[in-house]
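Here are my notes for a first look through this structure. Open it up alongside and follow the points in order.

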Amino acid sequence: MATIYFIRHGQTDMNVHHMLQGRTNTHLNEAGRTMAAGAGEFLKKANIKPDRILVSPLDRVKETVEIASGIDRSKFIEEPLLIEFCFGPYEGVEARTMAPEFHHDFFETPEKCVMPEGAETYEEILDRARQFLEKLAKDYPDDDPRTILCGTHGGILHALLVVAQGKELHNFWNVEVKNCAVFKLTHNPGTTDYTKPAEYWTMENIFQGYGDSFSKKEK
């Protein structure tokens, strides 16, 4: 099975101001570029040398992976399933200014959250995560020796963790996913049914990353 890694993008100014970026095409700030270089040092020390790189279509991810891997972005493969949560009318809005009931439900009780019109629902992002994990299983079978690096975002990484770890929706934000955090996805030996991700995969954080991340203790 191919060895598969995920990396979240580095810091942007919208991260600093606690704004929902979603699919807004932002760029790394200076701190974000430094974070990406630090993640690159981790990849180098861990001897992680990607043979193929899949990335979200958004520039902050491409910038991060280009710096961290040392590979020109022209060689990356854009993967739409890795794009961030779509927040609709809440994109670009500071957390402190959005409707209090939405802010609470989105982060604290996602199982009760009603997304605004034009936004992606929790059910939709979890389904997208399942689709991507199934695609990985089909595209990179047991005899594939390559190393795959996937550049992505915090929201979809949380969704991938929920699906791969067999968690319930209320656990969506329980694991920290900091800027430039690196996760390793491993195929469990002896399992063949990729339509059951929690049995087929193990996903773990192998590089903590930098800065703050919204998370809460599992209840």
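What follows is a numbered walk through the sheet, the helices, the aromatic rings, the salt bridges and two backbone oddities.

1. First, a caveat to keep in mind: this is a predicted model. Residue numbers start from 1 along the chain.

2. Let's begin with the sheet. It is open and built from 6 strands, and the order across it is β3-β2-β4-β1-β5-β6. The pairing is mixed. At the edges sit β3 (77-78) and β6, each of which pairs on one side only. As background, strands of a sheet pair through backbone hydrogen bonds, either parallel or antiparallel.

3. Now zoom in on β5 (residues 182-187) and its two neighbours. On one hand there is β1 (residues 3-8), which pairs with β5 in the antiparallel sense over 4 bridges. On the other there is β6 (residues 201-207), which also runs antiparallel to β5 and is joined to it by 6 bridges. If you want residues to click on, I4 of the chain stands opposite L185 in β5, and F6 has F183 as its bridge partner in β5. Follow F183 onward and you arrive at N205 in β6, which stands opposite it.

4. What packs on the sheet? Look for helix α6 (residues 154-165). Helix α6 touches β1, β4 (147-152), β5 and β6, and its direction makes about 135 degrees with that of β6.

5. Helix α5 (residues 122-139) deserves its own stop. This helix has 18 residues and spans 26 Å from its first C-alpha to its last, close to the 26 Å expected at 1.5 Å a residue. Which of its residues are buried? Y122, I125, L126, R128, A129, F132, L133, L136 and A137. When you look at how those are spread along the helix, a general point helps: an α-helix has 3.6 residues a turn, so residues three or four places apart point the same way.

6. Next, the rings. The structure holds 19 aromatic pairs. A good one to inspect is F106 with Y122, a tilted pair at 5.3 Å centre to centre, with 35 degrees between the planes. F106 belongs to helix α4 (residues 100-108) and Y122 to helix α5, so this pair ties together parts that are 16 residues apart in sequence. Both F106 and Y122 are buried.

7. That pair is also part of a bigger picture. Ring pairs link F85, F87, Y90, F102, F106, F107, Y122, F172, W173 and F214 into a cluster. I'd colour these residues together and take a look.

8. On to charges: how many salt bridges does the structure hold? There are 9. One of them joins K135 and E79, whose side chains meet at 2.5 Å, N to O. This pair links distant parts of the chain, with K135 in helix α5 and E79 in the loop between β3 and α4, 56 residues apart. Are the two partners buried or exposed? K135 is partly exposed because its relative accessible area is 34%, whereas E79 counts as buried because its value is 6%.

9. A few further salt bridges are worth a click. The side chains of E66 and R73 meet at 3.0 Å, N to O. E66 is partly exposed at 23% relative accessible area, and R73 counts as partly exposed too, at 31%. K178 pairs with E176, their closest N and O atoms being 3.9 Å apart. Here K178 is buried, with a relative accessible area of 14%, while E176 counts as partly exposed at 34%. Finally, R23, E120 and R128 are linked in a network of salt bridges.

10. Last, two residues with a backbone quirk. N47 is not a glycine, yet has a positive phi of about 60 degrees. You'll find N47 in the loop between α2 (30-45) and β2 (52-55), where N47 counts as exposed at 51% relative accessibility. C180 also has a positive phi, near 65 degrees, in a residue other than glycine. C180 sits in the loop between α6 and β5, but C180 is buried, with a relative accessible area of 0%.

Technical notes:
Predicted model: local features only at pLDDT ≥ 70, side-chain atom pairs only at ≥ 80, totals over all residues. Heavy atoms only, no water. Pairing = 2+ DSSP bridges. Contact = heavy atoms within 4.5 Å. Axes fitted to C-alpha atoms, helices over the stretch in contact; angles between N-to-C directions. Phe/Tyr/Trp six-rings, centres within 6.5 Å; stacked < 30°, edge-to-face > 60°. Buried < 20%, exposed > 50% of the residue type's maximum accessible area, 1.4 Å probe, protein only. Expected span 1.5 Å × (residues − 1). Salt bridge = Lys/Arg side-chain N within 4 Å of Asp/Glu carboxyl O.
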